[in-house]
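Biologist: Before I plan anything at the bench, could you take me through this structure, one question at a time?

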Amino acid sequence: MREFKDPRVGFGNALLAAAQKDDRILALSADSSGSSGMTPFRKQFPDRHIEFGIMEQGIVGYASGLATTGWIPFFSAIAPFVTARPFEMFRNDLGYMNQNVKVVGRNAGLTYSDLGATHQSLDDVAILRTIPGVTIVCPGDPVEIERAVQAAVVHQGPMYIRIGAPSIPVLHPADVEFKLGKGIVMMEGSDVTIIATGTALWRAYDAAEILRSKGIKARLISMHTIKPIDRELICAAALETPAIVTVEEHYLVGGLGSAVADILGCMPGPHAPLKMIGVDDQYASNGPYDELLGLYGLLAEQIVSTVEGFIGRKMPRS
Amino acid sequence: MNALRPEETATLEAAALRIRQDILRMVRAGGAGHVGGAMSCADIMAAHYFSILRIDPAKPNWPDRDRLILSAGHKCMALYAALRQRGYFDESILDTYGALKSRVPGHPVMQKLPGVEANTGALGHGLSIAGGMAMGLKLKKSPAKVYVVMGDGELAEGSNWEAAAAASHHKLDNLLVFVDCNGLQLSGPTADIMNYSPLAAKWAAFGWSVRTIDGHDFGQIVGNAREAPFEAGKPSIVIANTVKAKGISFAEAKVDYHYWKPKADEMARAVAELEAAAVEGLKA
């Protein structure tokens, strides 16, 4: 039986555990500390939990200033409001000033499904990828979330961590090797490589299992770090498997698929072609989360048929 | 109020004059620059770097140093001139103004130069960063203070008012802002472009303790800085009325000198005026 966990609770617990060991950690709130999973932190460390109200542009600047004095601020709120809204503050105050601030965008992707395009976040990775020196991590299961928070404390420099809201299953063993900038090969295979990230990982995982049950040996990579991306692992997949499919709950422009395409496009010699699964150039619709994922081909069965169509093989279930 | 002895005032006058001369030196090197604002805040900068700030140029990263954030980053020639006069770097660097990869760009960069505390220039960023510094220092129980120099045109950026509200809400009384209120911005008088008057009432309504001074009077600048916080538990702000391009008679209070690309004769006149002022200063 799979264990499903709330990513925000996972983030909050990991932050609390990190803060118990490291007294430089602060939690910054934009009137949404509770829904960002930071209530346990606030209760245990009220003096290190700073409430600002709904002023995300200003909070990014405050976070930068706090970091210059040696604190490690974690600022978590709804993904578009910590990325698109304060983009220039992120670029100048965190990126350009190279400050040790960790921004956590929650309810990323389509997870605020019913609230529509203002609250969904399908461009956050794209815009932040343009900022030199920012590390972008999209953890794909509760273990990766915990490890990403731990890595964020150790890593010096600005970082963006992207999490969803609906519960996601535990996919990794607790002792999985997690290194920033290094993808995790979760299944070996030679027929196709599926590279997935963040909130889309577990449906890609299910898709890979289905494909394998149908005799298609799918390699599955969790590409939790989008920047810097694991070039070596992508190039190896492009040489060792005949096709690559990326899966993300993000626009096709500027996200994981685009980052993989950047590498494949400059790769000399014959290599695997690429198919990108994600949301194309449109404002996403609204409605129940699973149905919305279905509109953009992000459900496991849809990923299966896209992969089958792309590699030109449809095999009956044995 | 005059908080200064005559010799202290003379020292600051000399420092400010050298700042203004260095501004011209950079404009000569680069061919153009944001002269109007740099000149209008030159006295404020001189007062900070030669009297107000607890800093040690030999230890630019001393954790308990006072910080000065030049939020209106385009006035950075005044900052560079003050820093070099305090010995943060060699004055020859000023002559690279405008050159490829210069350490003194048109907006300040902390990675390029010791003493620069933030990468400002995009308006409306400095107060948030400074607020974070003030908060961080308070949390560490540091005695250090954070000073901010803003422009009056800059105050139309909404992000300033987020920062202002938070500074007051969090009782950052180790934060002191000087608004270099020269009344002019790029394309005209600030009151015509986007009128934020009455400024003092707006800041007071945001929970700040406000004073208004003559921004070219060293006694008032230093005296008020020494008295900050003006009220316990509140951030303080000084609205310093200044003259844009102060020190160059033909440019003073003229919007055309916000960004100045001088003709040769103009530059010669400006240099001569400051030279004459320096000679006067020596006599006095």
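The conversation below goes through the predicted model, from its core to single residues.

Biologist: Which helix gives the most residues to the largest nonpolar core?
Modeller: The largest nonpolar core has 189 residues, and those with the most contacts inside it include L15(A), F75(A) and I194(A) as well as I23(B), A46(B) and A78(B). In chain A, both domain 1 (4–169) and domain 2 (184–311) provide at least three residues each. The greatest contribution from a helix is nine residues, and the helix that makes it is α1 (residues 6–30) of chain B.

Biologist: What does I194(A) contact, leaving aside its neighbours within four places in sequence?
Modeller: I194(A) is among the residues with the most contacts inside the largest nonpolar core. In general, nonpolar side chains in soluble globular proteins tend to be buried together. With neighbours within four places in sequence left aside, the contacts of I194(A) are A204(A), A207(A), A208(A), A218(A), R219(A), L220(A), V245(A), V247(A) and V307(A).

Biologist: Is the crossing of α1(A) and α7(A) left-handed or right-handed?
Modeller: The axes of helix α1 (residues 7–21) and helix α7 (residues 142–154) of chain A come within 9 Å, crossing at roughly 35 degrees. On the α1(A) side the contact involves P7(A), G10(A), F11(A), A14(A), L15(A) and A18(A), which meet P142(A), I145(A), E146(A), V149(A), Q150(A) and V153(A) of α7(A). By character, the residues of this contact are nine nonpolar, two polar and one charged. The crossing of these two helices, α1(A) and α7(A), is right-handed.

Biologist: Which helix gives the most to the side of chain A that touches chain B?
Modeller: Between the chains, 19 residues of chain A are in contact with 19 residues of chain B. Both α3 (56–68) and α5 (87–96) of chain A supply at least two residues each to the side that touches chain B, and the residues on that side of chain A divide into nine nonpolar, eight polar and two charged. The most, nine residues, comes from α3(A).

Biologist: Is R129(A) buried or exposed?
Modeller: R129(A) is found in helix α6 (residues 124–129) of chain A, and, apart from residues up to four places away in sequence, R129(A) touches I136(A), I226(A), K227(A), G254(A) and A259(A). The cut-off for a buried residue is 20 or more other C-beta atoms within 10 Å. Because R129(A) has 20 other C-beta atoms within 10 Å, R129(A) is buried.

Biologist: Where is the cis peptide bond that involves K227(A), and where is P228(A) found?
Modeller: K227(A) is one of the residues that R129(A) touches. The cis peptide bond joins K227(A) and P228(A), with omega at about -5 degrees. P228(A) is found in the loop between β12 (225–227) and α9 (231–240) of chain A.

Biologist: What is omega for the cis peptide bond in chain B that joins A228(B) and P229(B)?
Modeller: P229(B) lies in the loop between α9 (218–227) and β7 (236–241) of chain B. For the cis peptide bond that joins A228(B) and P229(B), omega is about 0 degrees.

Biologist: Is K101(B) buried or exposed?
Modeller: K101(B) lies in the loop between α4 (76–85) and α5 (126–139) of chain B, and, although K101(B) is a residue other than glycine, its phi has a positive value near 60 degrees. A residue counts as exposed if 12 or fewer other C-beta atoms lie within 10 Å of its own. Because K101(B) has 7 such atoms within 10 Å, K101(B) is exposed.

Biologist: How many residues of α4(B) are buried?
Modeller: The buried residues of α4(B), among them C76(B), Y80(B) and R84(B), pack against α1, α2 (35–40), α3 (42–52) and β1 (67–70) of chain B. Just after this helix, G87(B) takes a positive phi of about 90 degrees. The helix is largely enclosed by the rest of the structure because the buried residues of α4(B) number 10 of the 10.

Biologist: How many other C-beta atoms lie within 10 Å in the case of W202(A)?
Modeller: W202(A) is found in helix α8 (residues 201–213) of chain A. Leaving out residues up to four places away in sequence, W202(A) touches G140(A), D141(A), I168(A), P169(A) and L171(A). W202(A) is buried, and the number of other C-beta atoms within 10 Å is 21.

Note on methods. Residues numbered from 1 in each chain as written. Chains lettered and ligands numbered in written order. Predicted model: local features only at pLDDT ≥ 70, side-chain atom pairs only at ≥ 80, totals over all residues. Core = buried A, V, L, I, M, F, W, Y, C linked by C-beta atoms within 7 Å. Helix = DSSP H or I, 4+ residues; strand = E, 2+ residues; numbered from the N terminus. Domains from an automatic or database assignment. Contact = placed C-beta atoms within 7 Å. Axes fitted to C-alpha atoms, helices over the stretch in contact; angles between N-to-C directions. Left-handed = near helix turned anticlockwise from the far one by under 90°. Nonpolar A, V, L, I, M, F, W, Y, C, P; charged D, E, K, R; others polar.
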